[in-house]
Amino acid sequence: MRIELRKHTRYLFISVCIAALLLAGLYFSGMLEFRPGQHLPPRLVHASKGLNQYEIQAEFNPDAKTLICRQKVEYINRSEDQLTHLYFHLYPNAYRYEDKPVFEKNEMKRAYPNGFSPGHLELDQVLINGVQADFVVGGYSDNVLMLILKKNLDPRHKAVIEMDYTVVLPNCLGRFGYGDNMYKAVNWYPIASVYDEAGWNLDRYYSIGDPFYSDAANYRVQIQAPAGYTIAATGDMKSRKQEDSRVTWEFNALAVRDFAWLAGNKYQTASKQVGRTRVTSYSFTPEIGEKALDYAAESLAYFNEAFGEYPYTQFGVVESDFYIGGMEYPNLIMLDHSLYKEMGDDYLELVTVHETAHQWWYGLVGNNQIRDAWLDEGLAEYSTLLYYGHRYGQEKAEEMYKSLIGEGKYKYLEWYMLSDDMDETIHRPSYEFTDWVIYDLLVYGKGAMLFHSLRQEMGEELFFKGLQSYFQENRFQNAGKADIIRTFNQVSGRDWQHHFDQWLYDGV
Ligand SMILES: [Zn+2]
């Protein structure tokens with residue numbers, strides 16, 4: 001994500017609490033039949049093997065602001081542990097209670113210009129392997145679903161989970177909901193929590209940072225929408241069939257870590273081919289939409305060359321009612337409407353490129369965005385500076401570095417530190433940052449400085465070799481601090497642990 005604003009509120013963290021429960025339910029079986037497209041890159045088809053599969057049918061009702069959904073998930077236990085429960089995030093419920101908002105207090109008016117509007121997900125029923133399942137909806141704002149397995153799920157075994165549910169979209173200009181111009185179905189369906197060496201990751205939807213962490217999975221999603229709506233989504237559109245006044249759109253996506261879609265009836269589109277990828281701009285003002293398309297296409301082409309190829313065939317850049325700025329999803333970024341008008345081209349370019357860089361650092365190489373936000377944000381911010389150097393030359397790159405990080409942002413940080421005895425640690429959970437300003441300065445700014453100093457010390461060639469190998473070794477998976485350090489150590493034959501630790505934990 002990239003924010004437009006400087007925000008100044010303190011934030012209190014209240015921990016997630018999930019009730020523990022007993023067994024019931026059942027487990028596993030049956031392969032969902034998943035048919036990848038004919039002309040998908042072999043690498044993508046290969047990467048899609050052994051991943052969880054989601055099939056979702058959603059009926060989109062713009063008048064009622066609802067999505068009526070049926071979902072089938074083939075969940076594969078890819079850990080070495082026996083699982084007694086399965087967990088899913090119900091992110092829409094984070095928008096449910098006015099007294100537990102996903103925004104800082106002073107942001108509420110901007111997020112809800114027409115007053116608070118609740119968003120939520122109502123589960124009708126859950127089946128596991130065809131049998132009615134016992135489940136508990138809990139957590140901070142009912143945003144975690146716990147499924148109780150009757151029999152443990154062994155490593156490499158599968159469970160087929162079917163759910164019927166209704167999503168209510170809030171009138172909200174944050175990530176999820178709708179504004180005057182369009183609808184945002186992002187973080188909108190039950191998505192499996194990540195089970196890693198720390199166990200289940202059940203973090204709630206914190207107001208600071210991008211509170212997401214997920215595994216790559218395969219998706220087949222059908223969205224039935226009224227005729228006249230355009231849908232921009234993760235994945236490839238396989239078909240679009242109209243029956244009377246309704247259109248059914250079908251999308252397939254392989255090896256992506258989320259499925260997002262945005263819909264509106266005012267969009268004008270423009271496309272450009274970059275290698276194997278069709279880049280499409282969805283905008284309300286075509287002239288500025290063309291500019292967003294150019295920034296996205298140019299940065300995609302450069303990052304392909306600099307880090308390794310983006311393997312997907314689609315990438316969408318979508319003008320949105322998203323007051324915070326820009327937000328990344330697989331194959332899709334949303335950019336606030338204001339970037340297309342009063343904010344000016346420079347900011348549109350900066351945010352478009354930053355979100356495009358996230359297709360590599362978040363999308364392809366995933367990480368825990370709550371605990372290791374510096375990894376994707378620091379890299380996305382630094383990749384943006386690399387783009388400026390590549391496209392406009394060294395002088396422009398230095399100017400951007402100064403204004404974004406060096407003399408601009410970091411001077412601001414120094415000033416901020418004077419007024420506040422501040423901890424400069426950037427490697428800490430997003431909920432431990434006191435506000436968005438500090439988060440931005442440290443995670444984005446100091447995070448990018450870490451990579452800049454690494455490049456200066458290693459030299460151009462080894463630095464890019466390191467990023468390419470980090471990308472190659474970790475794409476379609478989740479990586480952490482140890483992975484990136486190991487990669488740079490390997491390519492250079494030197495130990496960079498101390499360098500990383502200095503930047504991550506010490507003052508500058
Ligand atoms: Zn970002």
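**Exercise 1. Determine what covers the buried residues of helix α10, and how those residues are arranged around its axis.**

Solution. The cover of the buried residues of α10 includes α5 (373-392) and α9 (460-474), where helices (H or I, at least four residues) and strands (E, at least two) are DSSP runs numbered from the N terminus. The model is a predicted one, in which local features need pLDDT of at least 70 and side-chain atom pairs count only at pLDDT 80 or more, while totals for chains, interfaces and linings use all residues. Residues are numbered from 1 along each chain as its sequence is written.

Step one is to list the residues concerned: Ile484, Thr487, Phe488 and Val491 are the buried residues of α10, a residue being buried if 20 or more other C-beta atoms, placed from the backbone, lie within 10 Å of its own, exposed if 12 or fewer, and partly exposed in between. Step two is to recall the helix geometry: an α-helix has 3.6 residues a turn, so residues three or four places apart point the same way. Step three applies the view down the axis, in which the buried residues of α10 fall within an arc of 95 degrees (taken over the directions from the helix axis to the C-beta atoms), so they line one face of the helix. Finally, glycine 493, which follows α10, has a positive phi near 70 degrees.

**Exercise 2. Decide how far helix α4 is enclosed, and name the elements that its buried residues pack against.**

Solution. Begin with the dimensions: α4 (residues 345-357) has 13 residues and reaches 18 Å from its first C-alpha to its last, close to the 18 Å expected at 1.5 Å a residue, the expected span being 1.5 Å times one less than the number of residues. Next, count the burial: 10 of the 13 residues of α4 are buried, so the helix is largely enclosed by the rest of the structure. The buried residues, which include Glu349, His354 and Glu355, pack against β1 (2-3), α3 (286-307), β22 (314-320), β23 (325-329), β24 (332-336) and α5.

**Exercise 3. Trace the open sheet of eight strands, beginning with its order and then following the pairings of β2.**

Solution. The order is β6-β5-β9-β3-β2-β15-β18-β17, with mixed pairing, and two strands pair if DSSP finds at least two bridges between them. At the edges stand β6 (131-132) and β17 (236-243), each with a single partner strand, so one side of each is left without a neighbour in the sheet.

For β2 (residues 52-61), the pairing with strand β15 (residues 217-226) is parallel over eight bridges, and glutamate 59 stands opposite glutamine 224 in β15. With strand β3 (residues 66-76), β2 pairs in the antiparallel sense over nine bridges, phenylalanine 60 standing opposite leucine 67. Four residues lie between the strands of this hairpin of β2 and β3, where lysine 65 takes a positive phi near 60 degrees.

**Exercise 4. Identify the residues with the most contacts inside the largest nonpolar core, and the helix that gives the most to this core.**

Solution. A nonpolar core is a set of buried Ala, Val, Leu, Ile, Met, Phe, Trp, Tyr and Cys residues joined through C-beta atoms within 7 Å. The largest has 158 residues, and those with the most contacts inside it are Leu147, Trp261, Ala296 and Val318. Helix α8 (residues 436-458) gives the most to this core, with 12 residues.

Methods: Two residues are in contact if their C-beta atoms, placed from the backbone, lie within 7 Å.
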